[in-house]
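Here's a quick tour of how this one is put together on the inside. Have the structure open while you read, and we'll start with the charged side chains before heading into the core.

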Amino acid sequence: MSDDFRCEVRTEAARVVVSPAGELDLHTAGEFRQIVDDVVPAAREVALDLGGLGFVDSSGLSAFVCAHKLARRHGTRLVLVNVPPFLSRMLTVTGLGEVLTVASAGDDSDDRLGAPN
């Protein structure tokens with residue numbers, strides 16, 4: 001595990017919250033993907049709380065796409081919450097903001113949380 005990355009998993013109400021922090025990049029994306037791969041199949045809803053991320057590269061974006069695809073295969077709802085401004089811009093520029101379910105800023109109860117991806 002990188003010193004620049006950590007990830008917490010907790011259950012809140014009816015969903016699992018995965019909270020990566022630090023840098024999500026080529027060196028840490030594999031660890032993040034493994035955590036998500038372990039959580040998604042058994043969960044009905046997973047929130048990726050991204051507020052602790054300070055850097056994300058293309059490997060991190062790819063990890064989000066893989067999480068989205070895995071969630072769809074398992075019928076799990078996946079939503080990105082607390083997306084930092086730099087990452088919001090990246091999602092917009094890459095078009096991933098239209099593919100991934102992203103909760104509105106400050107809206108943890110967004111209606112999209114209950115909508116299938």
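Glu8, Arg10, Glu12 and Asp49 are linked in a network of salt bridges. Keep in mind that this is a predicted model. Away from those charges, the largest nonpolar core has 29 residues, and an aromatic pair joins Phe32 and Phe64.

**The salt-bridge network**

- The count of salt bridges comes to 3.
- Arg10 bridges to Glu12, and the closest N and O atoms there are 2.8 Å apart.
- Arg10 also meets Glu8 through a salt bridge, at 3.4 Å from N to O.
- The remaining partner to look at is Asp49, whose side chain meets that of Arg10 at 3.8 Å, N to O. Asp49 sits in strand E3 and Arg10 in strand E1, so this pair ties together parts that are 39 residues apart in sequence.
- How exposed are these residues? Glu8 is partly exposed at 44% relative accessibility, Glu12 is partly exposed at 31%, and Arg10 is partly exposed at 27%.
- Asp49, on the other hand, counts as buried, with a relative accessible area of 15%; the cut-off for buried is under 20%.
- As background, side chains of opposite charge can pair when their charged atoms come close.

**Around Asp49**

- Which residues does Asp49 touch, leaving out those up to four places away in sequence? They are Arg10, Val17, Val18, Ser19, Pro20, Val81 and Asn82.
- For a backbone distance, take Asp49 and Val9: they are 40 residues apart along the chain, and their C-alpha atoms are separated by 9.9 Å.

**The nonpolar cores**

- Within the 29-residue core, the residues with the most contacts inside it are Phe32, Val46, Leu48 and Phe64.
- The elements that give two or more residues to this core are strands E2 (15–24), E3 (45–49), E4 (52–56) and E5 (77–81), together with helices H1 (29–39), H2 (58–74) and H3 (85–94).
- Helix H2 gives the most to this core, with 6 residues.
- There is also a second, separate core of 5 residues, which includes Ala47, Val79, Val81 and Ala103.

**Phe32 and its aromatic partner**

- Not counting residues up to four places away in sequence, Phe32 touches Phe5, Cys7, Val18, Pro20, Leu24, Leu48, Ala63 and Phe64.
- A search of the whole structure turns up 1 aromatic pair. Phe32 and Phe64 make that pair edge-to-face, with 5.9 Å centre to centre and 90 degrees between the planes.
- Phe32 belongs to helix H1 and Phe64 to helix H2, so the pair ties together parts that are 32 residues apart in sequence.
- Are these two rings' residues buried or exposed? Phe32 is buried at 0% relative accessibility, and Phe64 is buried at 0% as well.

**One face of helix H1**

- The buried residues of H1 are Ala29, Phe32, Ile35, Val36 and Val39.
- Why do they line one face of the helix? Looking down the axis of H1, its buried residues fall within an arc of 125 degrees, so they line one face.
- The general rule behind that sort of spacing is that an α-helix has 3.6 residues a turn, so residues three or four places apart point the same way.
- What covers the buried residues of H1? The cover includes strand E1 (5–12), E2, E3 and H2.

**Cysteines**

- How many disulfides does a search of the whole structure find? The search finds 0 disulfides.
- Cys7 is partly exposed, at a relative accessible area of 22%, and Cys66 is partly exposed at 23%.
- Cys7 also turns up among the residues that Phe32 touches.

Terms used:
Residues are numbered from 1 along each chain as its sequence is written. This is a predicted model: local features need pLDDT of at least 70, side-chain atom pairs count only at pLDDT 80 or more; totals for chains, interfaces and linings use all residues. Side-chain values use heavy atoms; hydrogens and water are left out. A nonpolar core is a set of buried Ala, Val, Leu, Ile, Met, Phe, Trp, Tyr and Cys residues joined through side-chain atoms within 4.5 Å. Buried means under 20% relative accessible area, exposed over 50%, partly exposed in between (1.4 Å probe, protein chains only). Helices (H or I, at least four residues) and strands (E, at least two) are DSSP runs, numbered from the N terminus. Contact means heavy atoms within 4.5 Å. The arc is that of the directions from the helix axis to the C-beta atoms. A salt bridge is a side-chain nitrogen of Lys or Arg within 4 Å of a carboxyl oxygen of Asp or Glu. A disulfide is a pair of cysteine sulfur atoms within 2.5 Å. Rings of Phe, Tyr and Trp (its six-membered ring) pair if their centres lie within 6.5 Å; planes under 30 degrees apart count as stacked, over 60 as edge-to-face and the rest as tilted.
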